[in-house]
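Biologist: I am new to this one and would like to know what stands behind the words people use for it. Could you show it to me and take me through them?

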Amino acid sequence: MKFPIDKMEPIGFKFGEPYPNNSFFRKNGLSGKPHLGIDIICPIGTTIKAPESGVARALWNTDGGNVVELIGTYTHRLMHLEYPGNSGKVSEGETLGKSGNTGKSSKPHCHWDVRRNGTTINFANFIDPLSLIIEGGKVTEDQYAQTYYELAGNLWKHGHPGKTPNEESLKNDCRDAARRRFDGEIYAFNSYVDKWLRGD
């Protein structure tokens with residue numbers, strides 16, 4: 001399974017995070033309810049790609065606006081697209097549509113949720129962040145560490161705008177994640193994400 005955008009973009013609402021109690025979310029009956037998916041903050045018109053191979057269909061609903069539902073190993077929904085997305089058989093990485101701000105959306109973004117056997121799941125640990133950056137070829141442990149370090153800095157700054165992270169601590173975390181990943185622990189990076197967002 002791959003991230004549906006070619007580069008790491010800031011994450012807005014994370015999986016399970018309650019919607020805030022403000023006028024927009026109260027009006028739409030969402031305040032306090034858990035967010036079942038992740039919101040990828042990206043400009044209108046950003047290319048949204050298939051996280052895996054499957055069969056896509058374009059839908060419209062009041063909440064999600066223009067939606068593409070993709071059924072593969074899992075069922076994916078990518079919401080708030082600018083225009084109706086593609087339908088039919090697609091391969092992993094193929095374009096599904098463009099991000100937008102349709103439906104119940106407070107700013108341009110793409111909501112992505114994943115279901116298994118009809119139940120929405122927290123799927124963050126299914127994604128190796130390195131797949132967003134390096135395609136093909138043999139990847140060294142140093143490449144893992146450097147790529148993780150670039151992503152970690154972005155995550156830390158997203159969680160703590162205007163503040164400076166402890167660079168040495170980030171580097172140590174990334175070296176450890178890279179070592180574990182190189183030893184076969186595919187999702188080692190993800191174990192640090194919450195720590196960086198908290199600013200530990």
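Modeller: Happily, and let us start with accessibility: a residue is buried under 20% relative accessible area, exposed over 50%, and partly exposed in between, using a 1.4 Å probe and protein chains only. Please keep in mind that this is a predicted model, where local features need pLDDT of at least 70 and side-chain atom pairs count only at pLDDT 80 or more, while totals for chains, interfaces and linings use all residues. Numbering starts from 1 along each chain as its sequence is written, and side-chain values use heavy atoms, with hydrogens and water left out.

Biologist: What makes Glu168 partly exposed?

Modeller: Its relative accessible area is 44%, and a value between 20% and 50% is given that name. Arg175 is treated likewise, because its value is 43%.

Biologist: Why are Glu168 and Arg175 called a salt bridge?

Modeller: The term asks for a side-chain nitrogen of Lys or Arg within 4 Å of a carboxyl oxygen of Asp or Glu. Here the closest N and O atoms are 3.7 Å apart, so the pair meets the limit of 4 Å. By this rule there are six salt bridges. Asp176, Arg179 and Arg180 are joined into one network by salt bridges that share partners.

Biologist: How do you know that Lys104 and Asp63 form a salt bridge, and what does the pair tie together?

Modeller: Their closest N and O atoms are 3.1 Å apart, which is within the 4 Å allowed. As for place, helices (H or I, at least four residues) and strands (E, at least two) are DSSP runs, numbered from the N terminus. Lys104 sits in the loop between strand E7 (95–98) and E8, and Asp63 in the loop between strand E3 (54–61) and E4, so the pair ties together parts that are 41 residues apart in sequence. Lys104 counts as partly exposed at 28%, as does Asp63 at 43%.

Biologist: What makes Arg77 and Asp113 a salt bridge?

Modeller: The N to O distance is 2.9 Å, again within 4 Å. Arg77 in strand E5 and Asp113 in strand E8 are 36 residues apart, and the pair links these distant parts of the chain. Asp113 is buried, because its relative accessibility is 2%.

Biologist: Why is E8 said to be largely enclosed by the rest of the structure?

Modeller: Six of its eight residues are buried, so the description fits.

Biologist: Which strands does E8 pair with?

Modeller: Two strands pair if DSSP finds at least two bridges between them. E1 and E8 have four, in the antiparallel sense, with Ile38 opposite Trp112. E5 and E8 run antiparallel with five bridges, and His76 is the bridge partner of Val114 there. Strand E9 (residues 119–121) joins E8 over three antiparallel bridges, where Val114 partners Ile121.

Biologist: What is meant by the largest nonpolar core, and which of its members touch the most others?

Modeller: A nonpolar core is a set of buried Ala, Val, Leu, Ile, Met, Phe, Trp, Tyr and Cys residues joined through side-chain atoms within 4.5 Å. This one has 19 residues, and Leu96 and Trp112 touch the most other members. E1 (38–41), E4 (65–71), E5 (75–81) and E8 (109–116) each supply at least two of them, the largest share being three residues from E8. A second, separate core of 14 residues includes Tyr144, Tyr148, Ala152 and Tyr192.

Biologist: Why is Glu69 called buried, and what joins its side chain to Arg57?

Modeller: Glu69, in strand E4, has a relative accessible area of 12%, which is under the 20% limit. The two side chains are joined by a polar contact of 2.8 Å. That term means N or O atoms within 3.5 Å; within protein, one must be able to donate a hydrogen and the other to accept it, and residues adjacent in sequence count only if both atoms are side-chain atoms.

Biologist: How many disulfides are there, and why does Cys110 lack a bond to Cys42?

Modeller: There are zero. A disulfide is a covalent bond between the sulfur atoms of two cysteines. The test is a pair of cysteine sulfur atoms within 2.5 Å. The closest cysteine sulfur to that of Cys110 belongs to Cys42, at 6.0 Å, which is too far for a bond. Cys110 is buried at 0%, and Cys174 is buried at 1%.
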